[in-house]
Amino acid sequence: MGERIDFRDGRWVVPDHPIIPFIEGDGTGPDIWRAARRVFDAAVDKAARGKRRVEWLEVLAGEKAFKQTGSWLPDATLDSIRAHRVAIKGPLTTPVGGGIRSLNVTLRQLLDLYACIRPVRYFEGVPSPMREPQRLDVVIFRENIEDVYSGVEYRAGSGEADALIGFLAERFGAKIRPGSAIGIKPMSKFGSQRLVVKAIQYALRAGRRSVTLVHKGNIMKFTEGGFREWGYEVAKERFGDKTITEDETGKGKAENGKVIMKDRITDAMFAQLVLRPDEYSVIAAPNLNGDLLSDAAAAQVGGLGLAPGGNVGDGYAVFEATHGTAPKYAGLDKVNPGSVILSGAMMFEELGWTDVAEAIVRGLGGAIRSRRVTYDLARQMAGATEVSTSQFAAGIIEHV
Ligand code: NAP
């Protein structure tokens with residue numbers, strides 16, 4: 001019989017047989033979830049020798065939920081994830097323009113999963129456009145709730161947009177072209193600081209050397225500039241004895257094992273990650289910057305097929321594949337399950353089952369080195385054999 005995971009005094013309390021809800025996802029979701037689940041069970045079995053086991057609980061979202069219940073995101077799903085605290089999901093379809101809002105965004109906002117965590121590292125043998133892709137090894141903490149993704153947006157010509165344009169002109173003399181669409185970019189000290197705190201806590205726990213705040217504060221002084229200012233402030237207030245600013249080290253102060261706090265303007269950061277990737281370790285960024293940076297960084301080490309992600313709040317977490325549903329390959333047992341598999345490794349690491357996480361990463365690394373890989377990797381790797389999603393999973397299990 002499985003038991004629920006709990007969260008007490010800021011820590012996960014994980015039973016030996018935790019119940020973990022999963023959303024298999026749309027499109028290729030079922031293909032990659034089937035493969036991932038086999039890998040997870042094998043890794044848990046190997047690491048814990050039968051003493052621990054996950055009881056997977058399917059919850060519905062996306063097209064499958066709509067077909068069965070008439071709702072894209074049934075209340076029962078949210079209730080179940082809330083009750084069990086930690087879940088894992090495959091990709092979900094997001095209809096573009098109008099209709100329903102992104103299910104991913106809804107999940108994040110409802111459970112207040114304010115940190116989107118994206119580790120980006122290189123796996124030996126993966127084709128990459130870079131000469132030395134192994135120099136990039138970063139963990140990106142992206143604020144997940146605020147910024148231009150907060151969902152406060154009004155269509156061009158709508159009453160709301162016109163009223164806001166009128167109000168801003170009348171009250172503050174702000175000039176906005178009549179008939180414009182309007183989006184709001186809220187960024188709070190509270191929201192920014194709790195994200196930066198998570199990034200610093202992670203850097204300390206994982207023995208990482210620096211945390212870089214990425215912002216466009218040179219242009220957007222109060223929102224993005226605020227993020228920078230609040231980030232440094234909370235580092236000093238809450239971790240004053242464990243962090244040091246880059247400025248201070250430049251002025252001759254010794255690091256003494258402290259985490260170095262630095263900041264970069266967003267556009268410079270994109271260049272830096274390409275040119276001097278090894279100077280960066282943990283990155284904390286507002287929502288939009290973090291989103292763009294995560295995919296760009298993932299591309300440097302060989303693409304999105306292997307990029308995992310986790311959305312983490314206080315006592316709730318949902319881990320997910322970072323790519324979309326790749327609908328043209330649905331049901332073909334073809335695509336790379338690596339992203340959702342590594343998301344699972346992140347989940348086990350977050351829950352303290354580091355032995356399981358390590359087994360999964362070891363298995364995936366071994367499968368890639370054996371060059372029996374899915375089409376996306378095979379088409380770029382010399383001497384590789386293309387295998388199906390399920391054969392790739394079997395290869396991972398062999399190396400677990
Ligand atoms: P996509 O599904 O990520 O697919 C784009 C391309 O990326 C695919 O055609 C394929 O490239 C490659 N790809 C994606 N997943 C792969 C995998 N597991 N293994 C190997 N290659 C993979 O992006 P999209 O076509 O823009 O979006 C499709 C749907 O997914 C949309 O409804 C979108 O809203 C949704 N979406 C969901 C999430 C999420 O749930 N987190 C994220 C992004 C998008 P090739 O064609 O070169 O083979």
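Start by selecting α4 (103-110) and β15 (317-321): in this predicted model, each of them supplies at least two residues to the lining of the largest cavity. Helix α4 gives the largest share of that lining, 3 residues.

Now show the whole lining as sticks: K89, N104, L107, R108, L113, N311, V318 and E320. Colour these residues by class and you will find 3 nonpolar, 2 polar and 3 charged. The space they enclose comes to about 40 Å³.

Keep K89 selected and extend to its strand, β5 (residues 86-89). In a regular strand the side chains alternate between the two faces of the sheet. Here V86 and I88 point one way, while A87 and K89 point the other way. Are these residues buried or exposed? All four, V86, A87, I88 and K89, are buried.

Next, bring in the neighbours of β5. On β15, look for A317, the bridge partner of V86; β5 and β15 run parallel and are joined by 4 bridges. Then add strand β3 (residues 19-23), which also pairs with β5 in the parallel sense, over 2 bridges. Within that pairing, I23 stands opposite K89.

I23 is your stepping stone to the next stop, as this residue also helps line the second largest cavity. Which residues join I23 there? Select E24, G25, D26, E58, V59, L60, A61 and K64 to complete the lining. By class, the lining has 4 nonpolar, 1 polar and 4 charged residues, around a space of about 30 Å³.

That ends the cavity tour, as the structure holds 2 cavities of 30 Å³ or more.

Key
Residues numbered from 1 in each chain as written. Predicted model: local features only at pLDDT ≥ 70, side-chain atom pairs only at ≥ 80, totals over all residues. Heavy atoms only, no water. 1 Å grid on protein atoms, 1.4 Å probe; cavity = no way out; pocket = protein on both sides within 12 Å on 5 of 7 lines; lining within 4 Å. Points joined across faces, edges and corners; volume = space filled by probe spheres on them. Nonpolar A, V, L, I, M, F, W, Y, C, P; charged D, E, K, R; others polar. Buried < 20%, exposed > 50% of the residue type's maximum accessible area, 1.4 Å probe, protein only. Pairing = 2+ DSSP bridges.
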